[in-house]
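User: Please take a close look at a single part of the structure shown below. I should like one connected account of that part, of what surrounds it and of how it relates to the rest of the chain.

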Amino acid sequence: MRKRLIAGNWKMNMLRGEAGELARGVVERTGGLAEKIDIILAPPFTALDAVGDELRGSRVMLAAQNVFWEERGAFTGEISPGMLADAGCSWVIIGHSERRHILRETDEMVRMKIGASLKAGLRVIVCVGETLGERAEGHTIKAVDAQVVKALTGIDIDDPGDLVIAYEPIWAIGTGHHATPAEAEFVQSAIREIAGNILGDLAARIRIVYGGSVNEENIRDLLAEPDIDGALVGGASLKAESMASIVETAGEQ
Ligand code: PEP
């Protein structure tokens, strides 16, 4: 059985003081469940240490929201996988749609980031998902297939726990319109099949989570689907109460 995973992506929110307070609130409310399910917080880079301080001694894990693929050198403004590990991160989110679309990140950049991060011992959450236009044209699976194939081809994975695929339909992110559980399951089971063509038997053991307007109300039905192993949560992760409620539901199994 795959261990459930709930990750909070705080995006470009939270000053250090606010971040520490939010992390403390999440740990207080969910710390007891962190053995049963993977709980991950992804604050902005500037708050990694403040959040890391609050997570110390708990099993709640720290993630970064982005990474560069080189280890060191003349790459002004970038941060390497080794630097993230040094800052206390065990996870990194790669290829979020906001990075792909606003920051023009390509599939090749995503692939290089995944490879470099795994090599440095970080665990990876890689995001894929279709645009509203692709969905309207009936190209959801085609879009997601291309992203998964380009992200995973040539990547070495020893432990299936090190790689998580987040299916995040772009039209559902931050909009309040989530995919129905059946829609998400349809795409996520296809993703598992696509991953199987690349990773073989490991694909049955990697986790595929859903992201896109997840909240306390919809999480239960989403998690009832066999290929939805958890959630990547944006807006609802910015309040300790809602994050904790999502984690508690995931912990019920
Ligand atoms: C996200 O940022 O990955 C996300 C899913 O955001 P939200 O939950 O706000 O839609």
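Analyst: In this predicted model, Gly200 lies just after helix α8 and takes a positive phi of about 65°. The helix that precedes Gly200, α8, covers residues 181–199. At 1.5 Å a residue, its 19 residues should span 27 Å, and the 25 Å between its end C-alpha atoms agrees with this.

The buried positions of α8 are Pro181, Ala184, Glu185, Val187, Gln188, Ala190, Ile191, Arg192, Ile194, Ala195 and Leu199. The cover over these residues includes the strands β5, β6 and β7 (207–211) and the helices α7 and α9 (219–223).

The nonpolar interior comes next. In soluble globular proteins, nonpolar side chains tend to be buried together. Here the largest nonpolar core holds 66 residues, and those with the most contacts inside it are Ile6, Leu41, Val51, Ile114, Ile165, Ile191 and Tyr210. Helix α8 supplies the largest share of this core, namely six residues. Apart from this core there is a second, separate one of 14 residues, with Ala42, Ile93, Val209 and Leu232 among them.

Ile165 shows how α8 is tied into its surroundings. Setting aside residues up to four places away in sequence, Ile165 touches Ile191 and Ala195, as well as Val126, Val128, Leu152, Ile206, Arg207, Ile208 and Val209. Ile191 and Ala195 are among the buried residues of α8, and Leu152 is one of the buried residues of α7.

Helix α7 therefore deserves the same attention, as its buried residues lie on one side of it. This helix runs over residues 140–152, and its 13 residues reach 18 Å from the first C-alpha to the last, close to the 18 Å expected at 1.5 Å a residue. Thr140, Ala143, Val144, Gln147, Val148, Ala151 and Leu152 are its buried residues. Because they cover an arc of only 135° around the axis, they are on the same side of α7. These buried residues pack against α8, and also against α4 (97–101), α5 (107–119), β5 (123–128), α6 (132–136) and β6 (163–167). Just after α7, Gly154 has a positive phi of about 85°.

The two helices meet with their axes coming within 10 Å and crossing at roughly 35°. The crossing is right-handed. On the α7 side, the contact is made by Thr140, Ile141, Val144, Asp145, Val148, Val149 and Leu152. On the α8 side, it is made by Phe186, Val187, Ala190, Ile191, Ile194, Ala195, Ile198 and Leu199.

Among the other elements that pack against α7 is α6, the helix in which Leu132 is found. At 57% relative accessibility, Leu132 counts as exposed, since the threshold for that class is over 50%. Leu132 and Trp171 are 39 residues apart in sequence, yet their C-alpha atoms are 5.2 Å apart in space.

The strand β7 is included in the cover of α8, and it leads into the loop between β7 and α9, where Gly212 is placed. Gly212 has 5% relative accessibility and therefore counts as buried, the limit being under 20%. Leaving aside neighbours within four places in sequence, Gly212 is in contact with Glu168, Ala172, Ile173, His178 and Leu232. Leu232 is also one of the residues of the second core. The C-alpha atoms of Gly212 and Gly161, which are 51 residues apart along the chain, are separated by 22 Å.

A glycine with positive phi just after a helix also appears elsewhere in the chain. Just after α2, Gly57 takes a positive phi of about 90°. Helix α2 spans residues 48–55, and Leu48, Ala50, Val51, Gly52 and Leu55 are its buried residues. They pack against α1, β2 (38–42), β3 (61–64) and α3. Val51 is, moreover, among the residues with the most contacts inside the largest core.

Positive phi also occurs at residues that are not glycines. Lys11 has a positive phi of about 55°, and Met14 has one of about 85°. Lys11 is placed in the loop between β1 (5–9) and α1 (16–30), and Met14 likewise lies in the loop between β1 and α1. With 21% relative accessibility, Lys11 counts as partly exposed.

Terms used
Residues numbered from 1 in each chain as written. Predicted model: local features only at pLDDT ≥ 70, side-chain atom pairs only at ≥ 80, totals over all residues. Heavy atoms only, no water. Core = buried A, V, L, I, M, F, W, Y, C linked by side-chain atoms within 4.5 Å. Buried < 20%, exposed > 50% of the residue type's maximum accessible area, 1.4 Å probe, protein only. Helix = DSSP H or I, 4+ residues; strand = E, 2+ residues; numbered from the N terminus. Contact = heavy atoms within 4.5 Å. Expected span 1.5 Å × (residues − 1). Arc of directions from axis to C-beta. Axes fitted to C-alpha atoms, helices over the stretch in contact; angles between N-to-C directions. Left-handed = near helix turned anticlockwise from the far one by under 90°.
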